[in-house]
Amino acid sequence: HPEEEEEVDGEDVILTSERLGTILRVGKDRVVSMAMDPSGVYFTCHGVDNRLEIFKILSEEEMKQRQKKKEKKARKRGEGGGGDMTVEDRIRRVCVVRMPGKIKSCDLYVCGDRLVVSGLLSNNIVAIREVKVEVKQEAEVKSVSSLSTPGHRSDVRAVAFSSDGLLIATCSKEELKIWNSATQHCVNTMVSGYGLSCLFAPGDRHVILATKSGQIQIFDLSPG
């Protein structure tokens with residue numbers, strides 16, 4: 001007899017997801033990678049070209065204001081209400097940042113009223129841009145610096161900021177490097193597996209590396 005499917009108790013489900021809709025990117029190609037800042041407000045993505053697109057997830061108050069404007073415009077057109085809230089009412093495109101080369105990986109964090117975004121380029125340069133977010137004006141993008149000091153002997157596969165923005169981690173197929181974002185100098189190099197993705201663990205004392213072989217490697221950054 002075929003085994004009966006066990007009923008799943010709702011309390012045992014850890015995560016659930018619901019499709020809200022679709023947001024069109026400026027780029028028409030596939031998405032290569034995405035990153036979200038630690039606050040969960042801003043996220044960025046890119047394709048195979050040099051364009052890094054930044055989006056903002058609106059707060060409840062911002063969504064209500066946008067819905068009111070939508071309803072006001074609808075009444076002026078004689079269409080009654082503004083309709084149901086869509087995913088476009090929840091997420092706003094901030095800007096498109098053009099990097100000086102094709103992007104392989106990206107990351108960002110919030111620093112006051114500005115966003116700091118980094119793009120790992122195909123020529124092994126880490127380009128860093130600062131974005132000043134204006135509510136009613138176009139976002140201002142400023143070039144901060146770039147890490148071009150020779151480092152990895154092979155292609156860099158991923159890049160990640162520490163939570164305070166002081167350190168940058170990069171990984172390749174044989175090593176993990178930690179950089180000082182202010183001096184642009186490599187402060188630590190550790191032998192690793194073939195890295196595909198990396199991130200700083202909470203507290204910035206450890207870096208977690210996902211490898212091509214399926215392993216999760218953890219590196220201790222404590223001195224000594």
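Mentor: Let's start with the cut-offs: a residue is buried under 20% relative accessible area, exposed over 50%, and partly exposed in between. Keep in mind that we're looking at a predicted model.

Trainee: Okay, then why is Arg93 called partly exposed?

Mentor: Arg93 has a relative accessible area of 33%. Partly exposed is the label between the 20% and 50% cut-offs, so that's where Arg93 goes.

Trainee: And what makes Glu53 buried?

Mentor: Its relative accessible area is 1%, and buried means under 20%. Glu53 sits in strand 3, residues 51-57. Leaving out residues up to four places away in sequence, Glu53 touches Arg25, Val26, Gly27, Phe43, Thr44, Cys45, Arg93, Cys95 and Val96.

Trainee: Arg93 is on that list. How do you know that Arg93 and Glu53 form a salt bridge?

Mentor: Check the distance. The closest N and O atoms of Arg93 and Glu53 are 3.7 Å apart. The rule asks for a side-chain nitrogen of Lys or Arg within 4 Å of a carboxyl oxygen of Asp or Glu, so the pair counts. Arg93 lies in strand 4 (residues 91-98) and Glu53 in strand 3, so the salt bridge ties together parts that are 40 residues apart in sequence.

Trainee: Why would such side chains pair at all?

Mentor: Opposite charges can pair up when the charged atoms come close.

Trainee: What makes Asp29 and Arg25 a salt bridge?

Mentor: Same test, new atoms: the closest N and O of Asp29 and Arg25 are 3.5 Å apart, and the limit is 4 Å. As for accessibility, Asp29 is partly exposed at 25%, while Arg25 is buried at 15%.

Trainee: Which residues are linked in a network of salt bridges?

Mentor: Arg25, Asp29, Glu53 and Arg93. By the 4 Å rule, the count for the model comes to 9 salt bridges. Another one of them joins the side chains of Arg51 and Asp49, at 2.9 Å from N to O, and both Arg51 and Asp49 are buried.

Trainee: Back to strand 3. Why is it described as largely enclosed?

Mentor: Because 6 of the 7 residues of strand 3 are buried, the rest of the structure largely encloses it.

Trainee: How do you know that strand 3 pairs with strand 2 and strand 4?

Mentor: Pairing takes at least two bridges. Strand 2 (residues 42-46) and strand 3 have 5 bridges, in the antiparallel sense, and Thr44 stands opposite Ile54 in strand 3. Strand 3 and strand 4 have 7 bridges, also antiparallel, with Lys56 opposite Arg92 in strand 4. Strand 2 is joined to strand 3 by a hairpin through 4 residues.

Trainee: Now the open sheet with strands 13, 14 and 15. What makes strand 13 and strand 15 its edges?

Mentor: The sheet has 3 strands in the order 13-14-15, with antiparallel pairing. Strand 13 and strand 15 (216-220) each have a single partner strand, so one side of each lacks a neighbour in the sheet. Neighbouring strands here are turned by 25° against each other on average, direction ignored.

Trainee: How do you know that strand 13 is paired with strand 14?

Mentor: The antiparallel strands 13 and 14 are joined by 5 bridges, against a minimum of two. For one pair, Ser197 has Ala210 in strand 14 as its bridge partner.

Trainee: The loop between strand 13 (195-200) and strand 14 (206-211) holds Asp204. Why is Asp204 called buried?

Mentor: Asp204 has 15% relative accessible area, and the buried cut-off is under 20%. Asp204 also has a positive phi of about 60° although it is not a glycine.

Trainee: What about Gln184: which class does its accessibility give?

Mentor: At 23%, Gln184 counts as partly exposed. Gln184 is in the loop between strand 11 (175-180) and strand 12 (185-191), and its phi is near 65°, again positive in a residue other than glycine.

Trainee: Last one: what makes Asp84 exposed?

Mentor: Asp84 has 68% relative accessibility, and exposed means over 50%. Asp84 lies in the loop between helix 1 (60-76) and helix 2 (87-90). Beyond residues up to four places away in sequence, Asp84 touches Lys70 and Asp89.

Methods. Residues numbered from 1 in each chain as written. Predicted model: local features only at pLDDT ≥ 70, side-chain atom pairs only at ≥ 80, totals over all residues. Heavy atoms only, no water. Helix = DSSP H or I, 4+ residues; strand = E, 2+ residues; numbered from the N terminus. Buried < 20%, exposed > 50% of the residue type's maximum accessible area, 1.4 Å probe, protein only. Contact = heavy atoms within 4.5 Å. Axes fitted to C-alpha atoms, helices over the stretch in contact; angles between N-to-C directions.
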